[in-house]
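Open the model in your viewer and keep the sequence panel beside it. The tour below moves from the whole chain to single residues, with a selection to make at each stop.

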Amino acid sequence: RSSDLSEQKDLVNCLSSVWRSPEFQQRTLMNLVVHRWKEAKLLVKCFLSYIKSHHKDVGLLFELLRVFTKRYMPSFLFFKEFLDQEVALKYTPDERRYVFFKFVEFFENGNFPEDLKAKALQHVLIPTFTASFAKGEKEKLLGGSPNPDQDRDGDIISVFIARVIDADNPLATSDALRILLLQFSALLVEKAPEYIHDPANKLQKQGSRLRRLTAYAWPCLLPRQCEDPAARYHGHLLLAHIIAKFAIHKKIVLQVFVSLLKAHAVEARGVIRQALEVLTPAIQARMDDGNTVLMHWTKKIIVEEGHTVAQLVHILQLLVRHYKVYYPVRGYLIQYMISSMQKLGYPPTATIEQRRLAVDLAEVIIKWEMQRIKEQQLEGIEGDRTGSRDGSPATTVTGVKRPGDDVGGGSDVKRPKLTRPSGIGIDLKYPVEKTHFDGVANFLVRIACQVNEPTAQATGSGPGELLSRRCLALLKTALKDVWPNVDVKITWFDKLLSTVVMP
């Protein structure tokens, strides 16, 4: 019973020495006798019943993490649930602090295996700190009010930066451990930036804590020093959070952003996307010419490296996710987006994911134009009010002038160059050119007719059928609210009908 075991400290110590012994670990892994498989599982259950009433026996908790470092025959899902539900959610801030400082002791112990240090970060520290931040326990957890310019023994971030991460030798640990240290650092920067650097301190442009964190992640920008993609882009993630929270050198901002734009490694896709989600909205605030940077590098990569499908998909997915950020520079990107839509959607060998992304791009262009129309309508209302107040003739806008109402559709109008310091050099009121919205509309019609899934015809619910319906819905929206004067080319339609086999 757990109540009996909780009082048997000597018995627990004896069992833990058995658990730590290499002989037991080897026998548990290699023994093929069925009844031996359960030994490790039963021991872990005994230890958990003891830990429930002894939260400060952190050393034993860390030792149990061995089950995640090797391939045991039994399932230890119950242990993972214990860590997520008991340790991460129910421990008090003081108990979480105790766990952290015990981890620092084990981290500085050269005899403690690196794989256990990594698992302690992954399964204990990161989940517990995440849960504590979500509960609003930041000040209790980290050790008082923020004071980033003073190192204190009770300040968790001060101890972590001074004793755990080695900014002078960032590559001293294994890739697995460095990835988890970068994850934990990114969590601290995201949730507690005021404990790392005080922007109000004019005497220090960058505090010592911020410098050490930046230096720890810096080798990840150098592929020759950091070859593992997961470790490299977790460093990018930390730098992205630093850029989002603090004003650092603009060359670093540009280098991180361009590196992430060019990153399309499949094995690190999740962390690359996460880093871009943090960094992209911050570009405009961190650089004087933020919009110019967004436009220039996005267009450059589409044009020069778009022949690689993985790279093209990566950059276009970013544009779709952050279409509001790209709105001020949309005029420089639409023609490249349309050509990319056709490249992804038209080939017979295109996958359903590529065609879905192409339709996403068409939807973005329609949303941009709807936003422009909405802003122009609001401007007209404001102009009416201003004219009424000062007695001057009001500049009324009785209706939004849509593209195609003028002869020639405005396709010969030249866009001004980027000249303003803010990087917003295009006229935000300028509509999409007629050749472009004709291209979008024709693309939607072709994709709606081109998707063919014989296996889904009976139910009408296959991914291709759903994409076709989505294309038609977007086309109706565009014709009704955005572009009423679309020229649909039907030459390809005749060719499509000629391929239909009559019964």
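## A tour by selection

Start with C449, keeping in mind that this is a predicted model. C449 is partly exposed, because its relative accessible area is 33%. There are 0 disulfides in the structure, and C449 accordingly belongs to none: the nearest cysteine sulfur is that of C471, 9.3 Å away. A disulfide would call for two sulfur atoms within 2.5 Å. For contrast in surroundings, select C220 as well, which counts as buried because its relative accessibility is 3%.

**The whole chain**

Now colour the protein chain by secondary structure, which comes to 23 helices and 0 strands. If you switch to colouring by accessibility, buried residues make up 47% of the 503 residues in the chain. Consider next the contacts whose partners have a sequence separation of 6 or more: 73% of these join residues 24 or more positions apart.

**The largest nonpolar core**

Which residues should be selected to find the members of the largest nonpolar core that touch the most other members? They are F62, F79, F129, F184, L444 and W483, within a core of 147 residues. Stay with F62 and show its surroundings, setting aside the neighbours within four places in sequence: F62 is in contact with V99, K102, F103, F106, F112, L116, A120 and V124.

**Helices 3 and 4**

Move to T28, which is found in helix 3, residues 22-30. T28 is buried, since its relative accessible area is 5%. Beyond the neighbours within four places in sequence, T28 is in contact with A40 and Y72. A distance label can also be drawn from T28 to K38, which lies 10 residues away along the chain, with 8.7 Å between the two C-alpha atoms.

The contact with A40 leads to the next selection, since A40 can be viewed from its own side. A40 is found in helix 4, residues 34-51, and with a relative accessible area of 0% it is buried. Leaving out the neighbours within four places in sequence, the contacts of A40 are W19, F24, T28, Y72 and F76, so that T28 and Y72 appear again. From A40, draw a second label to V67, 27 residues apart in sequence, for a C-alpha to C-alpha distance of 8.6 Å.

**Helix 6**

Select E86 in helix 6, residues 77-90. Is E86 buried or exposed? E86 counts as buried, because its relative accessibility is 16% and the cut-off for buried is under 20%. Not counting residues up to four places away in sequence, E86 touches H55, E81 and Y91.

**Helices 13 and 15**

Show helix 13, residues 229-245, together with helix 15, residues 269-279, whose axes come within 8 Å and cross at roughly 10°. Helix 13 is therefore roughly parallel to helix 15. To display the contact itself, select Y233, H234, H236, L237, A240, H241, I243 and A244 in helix 13, and then V271, I272, Q274, A275, V278 and L279 in helix 15, which they meet. Coloured by residue class, this contact divides into 10 nonpolar, 4 polar and no charged residues.

Before leaving this region, select A265, which is found in the loop between helix 14, residues 250-261, and helix 15. Apart from the neighbours within four places in sequence, A265 is in contact with P229 and I272. A label from A265 to H314, which is 49 residues apart from it in sequence, gives 9.6 Å from C-alpha to C-alpha.

**Helix 20**

The last stop is M370, whose place is in helix 20, residues 352-390. M370 is partly exposed, because its relative accessible area is 33%. Where the neighbours within four places in sequence are left aside, M370 is in contact with T477 and V482. Finally, draw a label from M370 to D481: these two residues are 111 positions apart in sequence and 7.6 Å apart in space, C-alpha to C-alpha.

Notes:
Residues are numbered from 1 along each chain as its sequence is written. This is a predicted model: local features need pLDDT of at least 70, side-chain atom pairs count only at pLDDT 80 or more; totals for chains, interfaces and linings use all residues. Side-chain values use heavy atoms; hydrogens and water are left out. A nonpolar core is a set of buried Ala, Val, Leu, Ile, Met, Phe, Trp, Tyr and Cys residues joined through side-chain atoms within 4.5 Å. Buried means under 20% relative accessible area, exposed over 50%, partly exposed in between (1.4 Å probe, protein chains only). Contact means heavy atoms within 4.5 Å. Axes are lines fitted to C-alpha atoms, for helices over the stretch in contact, and angles run from 0 to 180 degrees between N-to-C directions. Helices (H or I, at least four residues) and strands (E, at least two) are DSSP runs, numbered from the N terminus. Angles under 35 degrees count as roughly parallel, over 145 as roughly antiparallel, 65 to 115 as roughly perpendicular and the rest as oblique. Ala, Val, Leu, Ile, Met, Phe, Trp, Tyr, Cys and Pro count as nonpolar, Asp, Glu, Lys and Arg as charged, and the others, Gly among them, as polar.
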